[in-house]
Amino acid sequence: MDKTDEYYMALAIKQAKLAEAIDEVPVGAVLVQDNQLIASAHNQPILTNDPTAHAEIQLLRRAGETLNNYRFPDTTLYVTLEPCTMCLGAMIHARISRVVFGAFDEKTGVCGSCQDLSTSECFNHEIELQGGILEQECKELLQKFFKIRRKNYSP
């Protein structure tokens, strides 16, 4: 496993913990270009009343402001959970070069788990994908969060 990938995934995990602290699903993301951190973000759909406010979407919005562009070639996006359809689509439009994720998402992940849209020929941009970086840490963070929620909200 690449130490650089582990380092940036650890930063994404810190972002996920920020989401958890505000009672959001603990997913965090960071964007890197030339070994420089461009932007970081975490889930905020509940706080913002915005179903599109996933960590990746928040990250892309911040990166656009930072880079003054809507395209981010030669970047790597690190996220603690395998992207969903919406987020992968946004990454394709943003021309992200590489996506590295932690935990696999058997329910909504579209980078190999539930579906594999990354191999679809209907897109005009290809993203290099790598999953399972610091997978156990990412997975445990999510499992702990949902275990507490189920306990607190069960009749």
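## Residue T85

Residue T85 lies in helix α4, and this placement is read from a predicted model rather than from an experiment. T85 is partly exposed, because its relative accessible area of 48% falls between the cut-offs of 20% for buried and 50% for exposed. The C-alpha atom of T85 is separated by 7.7 Å from that of T108, although the two residues are 23 places apart along the chain.

## The chain as a whole

The secondary structure of the protein chain comes to five helices and five strands, and from the N terminus on these elements follow the order α-β-β-α-α-β-α-β-β-α. The chain has 155 residues, of which 45% count as buried. If one takes the contacts between residues at least 6 apart in sequence, 58% of them join residues that are at least 24 apart.

## Helices α3 and α4

Helix α4, the home of T85, covers residues 85–94, and its axis comes within 9 Å of the axis of helix α3, which covers residues 55–67. The two axes cross at roughly 25°, and because this angle is under 35 degrees, α3 counts as roughly parallel to α4. The crossing in which α3 passes α4 is left-handed.

Which residues make the contact between these helices? On the side of α3 they are E56, I57 and L60, while α4 contributes M86, C87, A90, M91 and A94. Sorted by chemical character, the residues of this contact comprise seven nonpolar ones, no polar ones and one charged one.

## The sheet

The five strands form an open sheet, in which they are arranged in the order β2-β1-β3-β4-β5 with mixed pairing. Strands β2 (36–42) and β5 (128–131) stand at the edges, and since each has a single partner strand, one side of each is left without a neighbour in the sheet. From one strand to the next, the twist averages 15°.

In general, the strands of a sheet pair through backbone hydrogen bonds, and they may do so in either a parallel or an antiparallel way. In this sheet, strand β1 (residues 28–33) pairs with strand β3 (residues 75–81) in the antiparallel sense over five bridges, and A29 stands opposite V79 in β3. The pairing of β3 with β4, by contrast, is parallel and also runs over five bridges, with L77 standing opposite V99 in β4. How many residues of strand β4 (residues 98–103) are buried? Six of its six residues are, and the strand is accordingly described as mostly covered.

## Helices beside the sheet

Helix α3, already met as the partner of α4, also lies across strands β1, β2 and β3, and its direction is at about 140° to that of β2.

Residue Q15 belongs to helix α1, which covers residues 3–21. Is Q15 buried or exposed? With a relative accessible area of 13%, Q15 is buried, because this value is under the cut-off of 20%. When its neighbours within four places in sequence are left aside, Q15 is in contact with G28, A29, V30, S40, A41 and H42. One of these residues, A29, is the residue that stands opposite V79 in β3.

Technical notes: Residues are numbered from 1 along each chain as its sequence is written. This is a predicted model: local features need pLDDT of at least 70, side-chain atom pairs count only at pLDDT 80 or more; totals for chains, interfaces and linings use all residues. Side-chain values use heavy atoms; hydrogens and water are left out. Axes are lines fitted to C-alpha atoms, for helices over the stretch in contact, and angles run from 0 to 180 degrees between N-to-C directions. Helices (H or I, at least four residues) and strands (E, at least two) are DSSP runs, numbered from the N terminus. Angles under 35 degrees count as roughly parallel, over 145 as roughly antiparallel, 65 to 115 as roughly perpendicular and the rest as oblique. A crossing is left-handed if the near helix is turned anticlockwise from the far one by less than a right angle, and right-handed if clockwise. Contact means heavy atoms within 4.5 Å. Ala, Val, Leu, Ile, Met, Phe, Trp, Tyr, Cys and Pro count as nonpolar, Asp, Glu, Lys and Arg as charged, and the others, Gly among them, as polar. Two strands pair if DSSP finds at least two bridges between them. Buried means under 20% relative accessible area, exposed over 50%, partly exposed in between (1.4 Å probe, protein chains only).
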